[in-house]
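Good morning, everyone. Please have a look at the structure on the screen, and then we'll talk about charged pairs and a surface patch.

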Amino acid sequence: MRQPDLSFLVHRQQLPDGDASFQADAALPPLDVLESAANLPQDDPLATLIAELRNYQAELEVQNQVLNYSQAVAESASERFEALFASVPLPLLVLDDAHDMVIQANAMALGAFQPQGSDRLLASFMPFVSQADRARVEQAFAQARAHGKSEVHEMVFNLGDASTMQGDLHIACIEVPRQEGPPTAQFMCAIIDQGPLLAERRTLQQRNTQLLASEKRLEAVINASMDAIISVDKDLRITVFNPTAAALFACASEEALGSHLSRFLPDVAATLPLAHVTTQALLGEMQAHTASGQRVAVEVSVAFEHDGTSTTVFARDLTSRKRTEAQRSALEMQLREAHKMQALGTMAGGIAHDFNNIVGAILGNVELAKTDSLHHPQLLESLLEIEKAGRRARDLVRQILTFSRNEPPARRAVHPLQAIRETEKLLRMGLPPAIELTIDAPPDLPPMLADPAQVEQALFNLTNNAVHAIGSAGTPRGSIAISAHLAMPQLSLVQRFDLMPDNYIALSVRDNGPGMDAATQERIFEPFFTTKPVGQGTGLGLAVVHGLMRTHEGAVEVQSQPGQGCCFTLYFPLLPASTAAIFTAPRLPRVKPQPPAALPVALHTAPQVQHHVMYVDDDPALVLLVQRLLRRRGYQVTTFEDPRAAVQALQETPRAFDLVVTDYNMPGYCGLDLLKAAQTIRPDLPVALASGYVTSDISEQALAAGALALIHKPNDVSELCAIVDQLLHPKADWHGRQE
């Protein structure tokens, strides 16, 4: 604003006092009206001054208005700052130039640093800083003084209630002017409590750690899963391929990643676009392809993500399951066959008693009729035919009993070559000239643990079947080879017969006959199954072989194809190195009859001393037969069909009998009971048991009860008579002729 020129006032003071032109008390024009110097007289300095003063006054008034407005704005800004300073949700402090004394603090700062009246006053800032962070805070104030602002992160404040607060310190340096001297510095400090954030951060870190551990566990589960796990994206590109999938599909994970799912599971790839109606789906059994194109049966299930960006496919290899199911089916079939054969054996043992009695009665009466028909050749010829048929029936019964018996064989050390040579002697006598028999058995083979008679019987049955097979083929010549060697059975055979995984003596019988198809091979060990014509086979030969190998803890294996002959292999266990004695099951001795020429008397002659024999059997025909036979031998015979009546007769006249022969199986009564009763009545009375179904248990019980012999039915007339003679004549030393 322009300053008015007042020099003319000095000149006016020098004017004379009587100057009429100057009126000291003249009133000045009002200053609220601005006059332009151009409108005033040019020669009147006072008027000019007045105009300038008025203009100056007007400018001062405008400046006052501006100052008043600025003051109002400043006061408003100050009020807003105070309100903001007080309402900011952060602890705010204003520190002096020494960054220690607190000039101003908001309510948040007071609440944070002085929550209780007994706490230390918030007058100084540095005592609240922890000792470990003071150096960083001093450095931050120095940096704020130099650059205007600075920050200190994650520092600790010691509060008044012995607790701490962890937070960030933000510092701003403000220059405050003074009336005298240079401006002074003040520090605006904002404190951000990081406790909740740090707690949340720790929680997040724990969650991240747990999530990472969960991901690692999930990865371990995926990698250790027995199922193939494949994850694909929305384009069916493989993103996860676990090791089981790599093994199942014969493809490395690195090579499989990025491949289309149809490369390994084409059926699944075609099904997935239609299966998104659910989050999980069991697709069932499907065909998968390995990397080399091989087909694999798998069971597939899928799991879908809700957003449809990922799909997980679970594929389970069914190869082992199918193999197990096949093995289970085979074992179930074998178990059914074993149960069937066991049932047949039980049935055979059940009917042996009655059938033996029938056959024995037939053969005995034929023998008696032959004696009475020596002068009738035609009748004798008919009787011989009846006898031939009866002997065939007897042999059939013996095969049935051999099949049905579960008693352990009398096993001992048997050399394979010796067993084969003994069988060869029997075969050479009836072997057709057109069939060549070869033997291949190294003499240095170790001995096997077996019953030599049963080994010969098994080899004879197999060779006899081979002879019939070659004969049925109509070939001019044939060959049969019997060999022996050390061998370990196949795993399937070991599992089927529950064998020990060890070496066995393998006796093989091979022929060049017509062979067998698979259907026939499944039934060859069934009792009474035969491919021979009617009248040429009973169907018990191979069933007997199967039973013999079962009791020997061995196995029988057959290999055959139509037109390529058959090969039967018998696996006998080796003799243990520590075994030196003969392995036998306890059984009663069976009396071996003398040859007919060596019998003490003929059938029609009587002994010099007549003995009284008691015969007990529930079969009337057999009772009558034995009575006639023994009476022709000169014995006094008393027969009983009721064992209780026999016991009563013994009680009445215990010294009237010299020998008791009783049947083992009788309705409602056992021959052992009669034996025990006879021993109680008369301990020195010899007793013999007769039975067509003899087991080791029966033999042990009879031996313990005091029986002297066990007669196996059916038997020849001469055999029965020889046993009675030997039991009634102990001085003949018949014990030396026992089996």
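**Salt bridges and a nonpolar patch**

Let's start with one pair: the side chains of R321 and E299 form a salt bridge, 3.4 Å from N to O. R321 belongs to helix α9 and E299 to strand β9 (residues 295–304), so this pair ties together parts 22 residues apart in sequence. Keep in mind that this is a predicted model.

Are these two buried or exposed? R321 is partly exposed, at 34% relative accessible area. E299 is partly exposed too, at 24%. Buried would mean under 20%.

Next pair. E285 and K322 meet through their side chains in a salt bridge, 3.1 Å from N to O. E285 sits in strand β8 (residues 280–289) and K322 in helix α9, so parts 37 residues apart in sequence are tied together. K322 is partly exposed, at 37%.

Third pair. R201 bridges to E154, with the closest N and O atoms 2.9 Å apart. R201 lies in helix α5 (residues 195–224) and E154 in strand β3 (residues 149–158), so the pair ties together parts 47 residues apart in sequence. R201 has 38% relative accessible area, which makes it partly exposed. E154 is partly exposed as well, at 39%.

How many salt bridges are there by this rule? The count is 12. There is also a network, linking R655, R682 and D684.

Now the patch. F355, I358, I362 and I386 make a nonpolar surface patch of about 330 Å². Helix α9 (residues 319–372) gives the most to it, with three residues. I386 is in helix α10 (residues 377–404). At 41% relative accessibility, I386 counts as partly exposed.

Conventions:
Residues are numbered from 1 along each chain as its sequence is written. This is a predicted model: local features need pLDDT of at least 70, side-chain atom pairs count only at pLDDT 80 or more; totals for chains, interfaces and linings use all residues. Side-chain values use heavy atoms; hydrogens and water are left out. Patches are made of residues with over 30% relative accessible area and no salt bridge: like charges are joined within 9 Å, nonpolar side chains (Val, Leu, Ile, Met, Phe, Trp, Tyr) within 5 Å. Accessible areas come from the Shrake-Rupley method with a 1.4 Å probe; for residues, only the protein chains shown count as cover. A salt bridge is a side-chain nitrogen of Lys or Arg within 4 Å of a carboxyl oxygen of Asp or Glu. Helices (H or I, at least four residues) and strands (E, at least two) are DSSP runs, numbered from the N terminus. Buried means under 20% relative accessible area, exposed over 50%, partly exposed in between (1.4 Å probe, protein chains only).
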